[in-house]
Amino acid sequence: KEMKDFADFLKKLPKNARFESVKISAYASPDGETEKNTDLAKDRAQASVTAMIALFKKQTGKTLTTGKQASDYQTQETLEDWEGFKSLMEQSKMADRDLILRVLTLYKDPNQRRSEIMNLSETYTELKQDILPRLRRSEITLNGKIPAKSRTEIQASIRTNPDSLSADELILGGGLESDLQARIRLFQKGEIRFPKDRRMSN
């Protein structure tokens, strides 16, 4: 789903958008041997680069140049994401949550941590199903510029393609709209597209 959302994001970018670099942070969950986690994190980073290159190459009608070759990417691997594990456990409602958090506090050695947690057989089964898979991920950071639309461009987009406007552009465009009913319709559409943005209903 995340890759589909990112593809939709690229499609909606203005033609003159520019990216200077793409950073991919790949993570492995802290279960398993450290050497294996090293390979998993590196493989995840490379798979993410390959998938991103394919997405960027599909973008037509734009002047995006960065993102279409491997040299455009910076990769970073976190071999055992103990910090992420701790964060998810703090949010968890598992019965042994406090016990696991205590293990993380008492032991700093990764192998000792794994051994103590795996001894909690029922809890470890729950961890494998609900917590650990969420730590196996890649996070993507785009560095670049998306030039702001002028007021004239925003007004034109309201008439021709209002769905191309960001929330901020839609708010500005509504303020430029002299027809009260047209302004109301615009903000009603904005409430649907940006349901968490309270400005649309104020």
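Here is a walk through the enclosed space and the aromatic contacts of this structure, which is a predicted model.

Let's start on the inside. Rolling a probe the size of a water molecule over the atoms shows where empty space is left. Here the count comes to 1 cavity of 30 Å³ or more, and the volume of that largest cavity is about 70 Å³. If you want to find it in the viewer, pick out Pro30, Asp31, Trp82, Phe85, Arg114, Ile117, Met118, Tyr124, Leu127 and Leu132, which line the largest cavity. Three helices give two or more residues each to that lining: α3 (82–91), α5 (110–118) and α6 (121–130). The biggest share comes from α5, with 3 residues. Sort the lining by class and you get 8 nonpolar residues, 2 charged ones and no polar ones.

Two of those lining residues, Trp82 and Phe85, are worth a longer look. Both sit in helix α3, 3 residues apart, or about one turn of the helix. Trp82 has a relative accessible area of 12%, so it counts as buried, the limit being under 20%. Phe85 is buried too, with a relative accessible area of 2%. How are the two rings of Trp82 and Phe85 set against each other? Their centres are 5.8 Å apart and their planes stand at 90 degrees; because edge-to-face means over 60 degrees, this pair is edge-to-face. Trp82 has a charged partner as well: the charged end of Arg113 sits over the Trp82 ring, 5.0 Å from its centre.

Now step back to the aromatic pairs in general. The whole structure holds 4 of them. One is formed by Phe6 and Phe9, with 5.9 Å from centre to centre and 40 degrees between the planes, which makes the pair tilted. Helix α1 (residues 2–11) carries both Phe6 and Phe9, and again they are 3 residues apart, about one turn of the helix. Are Phe6 and Phe9 buried or exposed? Phe6 has 14% relative accessibility, so it counts as buried, while Phe9, at 34%, counts as partly exposed. The ring contacts don't stop with this pair, either: Phe6, Phe9, Phe19 and Phe56 are linked by ring pairs into a cluster.

One more contact rounds off the tour. The charged end of Arg137 sits over the ring of Tyr27, with 3.8 Å to the ring centre.

How values were computed
Residues numbered from 1 in each chain as written. Predicted model: local features only at pLDDT ≥ 70, side-chain atom pairs only at ≥ 80, totals over all residues. Heavy atoms only, no water. 1 Å grid on protein atoms, 1.4 Å probe; cavity = no way out; pocket = protein on both sides within 12 Å on 5 of 7 lines; lining within 4 Å. Points joined across faces, edges and corners; volume = space filled by probe spheres on them. Helix = DSSP H or I, 4+ residues; strand = E, 2+ residues; numbered from the N terminus. Nonpolar A, V, L, I, M, F, W, Y, C, P; charged D, E, K, R; others polar. Phe/Tyr/Trp six-rings, centres within 6.5 Å; stacked < 30°, edge-to-face > 60°. Buried < 20%, exposed > 50% of the residue type's maximum accessible area, 1.4 Å probe, protein only. Lys NZ or Arg CZ within 6 Å of the ring centre and 35° of its normal.
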